[in-house]
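Student: I should like a close look at the pockets of this structure. Please describe how they are lined.

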Amino acid sequence: MTISSTISKLAVFFFLSVIILACEYPSEKSKQERHKTNINNDWLYLENNTPNIDDALKQETWQPINLPHSWNALDATDLEPGYRRTGSWYKKELHIPAVISGQIYQLYFEGVNITSEVYMNGKKVGGHIGGYIGFNVNITQAISAGKNNILVRVDNGYNPEVIPSQKSDFFIYGGITRDVWLETLPAEHLSNLKISTPQVSVSSAEIKAEVSVSNPKHSALKVKATLLDTEGNTVQTETFDVTENTSEIHFKNIVNPKLWDTKKPNLYTLKVALLENDVIKDEISDRVGFRWFEFKEHGAFYLNGKRLLLRGTHRHEEHAGVGAAMSNAQHRADMELIKEMGTNFVRLAHYPQDPEIYKACDELGLLVWDELPWCRGGLGNAAWKKNTKTMLKEIIEQNYNHPSVIIWSLGNEMYWLPDFEGGDNTEHMNAYLQELHDYAHQLDPSRKTGIRKYYEGADIVDVFSPSIWSGWYSGSYKSYQKAIDLYKAEYRHFLHAEYGGSSHLGRHTENPITGEGEIQADGWEEAIVQTDVANIAQIGDWSENYIVDLFDWHLRISENDSTFVGNIQWAFKDFGTPLRPENAIPYMNQKGLVDRANNPKDAFYVFKSYWNKTDSFTYIESHTWTERQGPKGTNRDVSVYSNCPEVELFLNGKSLGTKQRNIKAFPAAGLNWNLSFNEGENNLVSVGKTKDGKTVKDELKINYRYTKNNKAIGLKLDYKLLNSGNYLLTATAYDDQGLRCLDYEKRVYFQCLSGGETLKSMGTPTGSEALEMANGKASIEVKRHSKDEPLIMMVLNQSFKGTYLTIE
């Protein structure tokens, strides 16, 4: 059957449907109105690359799903090289009880990765190029009352003409990865509300806004604008004319505005109504934050006239088990955890993110670096340039009203690994970068542009970040002060984005590898080919201890430098990447402060101790280091990370003294004790005293032994029942004395032989069938099919050929 014959038959059906509905409701006259309905549920998914809609509809392998959805949710982080990079189809039956004459119907997709074509009742009605930004599709002329069929073809295949480059260090998840909405609008309606605050001070503020009036049919149209404060009280209201389909709104002298800042993110609401003879035809609203900011030349950052040290992190959009297809609750949980740490700035890496993220940043008080996904790949051809510039326009227009956004980033490592011949030509890249910079300021004169790690374009943009990976990709972390002093003088507006290193949750050592005597201490640059430079990334132990020290050193420097803008740690959460199959957890970038399921590592508490000023706590390093060893009489260091002014540490009920917190001291701002453990169980208790005299405490039990383990001779399996009803299977390496081998770090492989299934491909320390051990231990979560059937598990590696466990 051809597409044309299909459409003809559908047209006849829809025509008859309209007649039937007209007969059912002969006297009913429905009112046009604005309405928005989420349609995430009850879709069908077809994993088939056919570009032909008729071929897709003939298939019998459609699977029921709900959105958001990605076909790479698990296969991106499984143990097989590569992940599915091609097309798929989505289908949904949409019931519309009645089609109201003159009303506009449209679908709004928050994000479809990475190119899409949208069909309604067999007719192509739209599509989009670029996977990280929303788009509308008008379906008014393609629908009828009753049943309607939406089909969407999505493709994340290799396409060098669409950013980001396929050479980027993250997965490009295919699917409808964000929410989808059905929207209705009256024929005459408001759109494109664009709000600016050109003048803001402590005593007064000003709003200038523009709003478009679509399809005006009457000359008597007016726009009424009302500004509401944070409690919903009317601040100002005024009526404005409509001229050439646009109304310009201007509120002057807003007295004593409640400012938006990172501690008190006050949000006003601007309501705009379209009036015809004082009757409301349509109404929209958006939120407003009154704030102003400044990057001082070669100096600090100021928000609302006060110096603010930018305490930042990065966020990739993904989570264990779902990839990029995260729910709004999961998005919000990420941002609340970031804020709990005390963060005030987040770089959205390396692409614009779900609308829920910007909403959360506005509400929580998180400043935003929003990034065009020009990530690696160099400069492209004419189609590439058009697509990239269009995406920049879409990003700015969609996120313009968010007070949290202060930087439009134009790219990251853009010159790396060009996808097109001559794509790394500096002269051509600079000309295009200048074009993007000018275009960004044309679209939004109030915000700054930025880039990271393209030195030749540093003077083109407003804010620049060089590459400083002290203590990881180059040099010692003790070179950090030297690096930032150099770049503060060199760049007018220098903001340091990306620093840190990888850590394997639960891996600890008494003596972390620092590279002293093996690496050039003063280096900090990140090389394209890592093997060209001796660095900790290659020779280090990936222990939590080392990363804690690295971050502690960086934060001590940044917190004590009065002219430093601030820095942005990389990255908040472990995330998937096709470029790292040999990592401790395969295909995972493990530089996160939390794992891929948001379980904090020790480093999370280091940041919280420096940044969180409101929620008093103490944290003994480390709750994942409860088995330690060493010769009798050998003292060990124990650090406590806390934001309390003073902390007292107890060992086995005896006080080891109280120490004052001093952010100029290292490590742990001086909260470090040298002590001697007893053999066997030891109980550590830290008691922090707050400024108002209250106390908070942490407790940690450590089993310490004086006997060092010998070489591992085998693996054993144990299990425990989790609250979820699943089992946690743990493999432990042991020696000829039966001791756990705390120095064993080899990779092990789990398999469920029968009776259940592993929760694999999660990219977490308990969600991968292959991973390196952490202090002689590795675990995986298992779902049992039935208690009537035994659960049989196996673990092995090259040295130990198989250990089995049967759970009856």
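Tutor: The account below takes the two pockets in turn. The model is predicted, so that local features need pLDDT of at least 70 and side-chain atom pairs pLDDT 80 or more, while totals for chains, interfaces and linings use all residues. Residues are numbered from 1 along each chain as its sequence is written, and side-chain values use heavy atoms, with hydrogens and water left out.

A pocket here is an open set of points, on a 1 Å grid over the protein atoms alone, where a 1.4 Å probe fits and protein lies on both sides within 12 Å along at least five of seven lines; a lining residue has an atom within 4 Å of a point. Volume is the space filled by probe spheres set on the points, which are joined across faces, edges and corners.

The largest pocket has a volume of about 1,800 Å³. Its lining comprises 50 residues, and Tyr 108, Asn 192, Asp 286, Glu 397 and Gln 398 are the closest to its centre. Strand β11 (residues 189-200; strands are DSSP runs of E, at least two residues, numbered from the N terminus) gives the largest share of this lining, six residues. By class, 17 lining residues are nonpolar, 16 polar and 17 charged; Ala, Val, Leu, Ile, Met, Phe, Trp, Tyr, Cys and Pro count as nonpolar, Asp, Glu, Lys and Arg as charged, and the others, Gly among them, as polar.

The second largest pocket has a volume of about 910 Å³. Among its 35 lining residues, Thr 624, Leu 728, Thr 766, Lys 777 and Ser 779 lie nearest the centre. At least two residues of this lining come from each of β39 (714-721), β40 (727-734), β43 (770-772) and β44 (777-784). Its classes are 14 nonpolar, twelve polar and nine charged residues.

Definitions and conventions
Helices (H or I, at least four residues) and strands (E, at least two) are DSSP runs, numbered from the N terminus.
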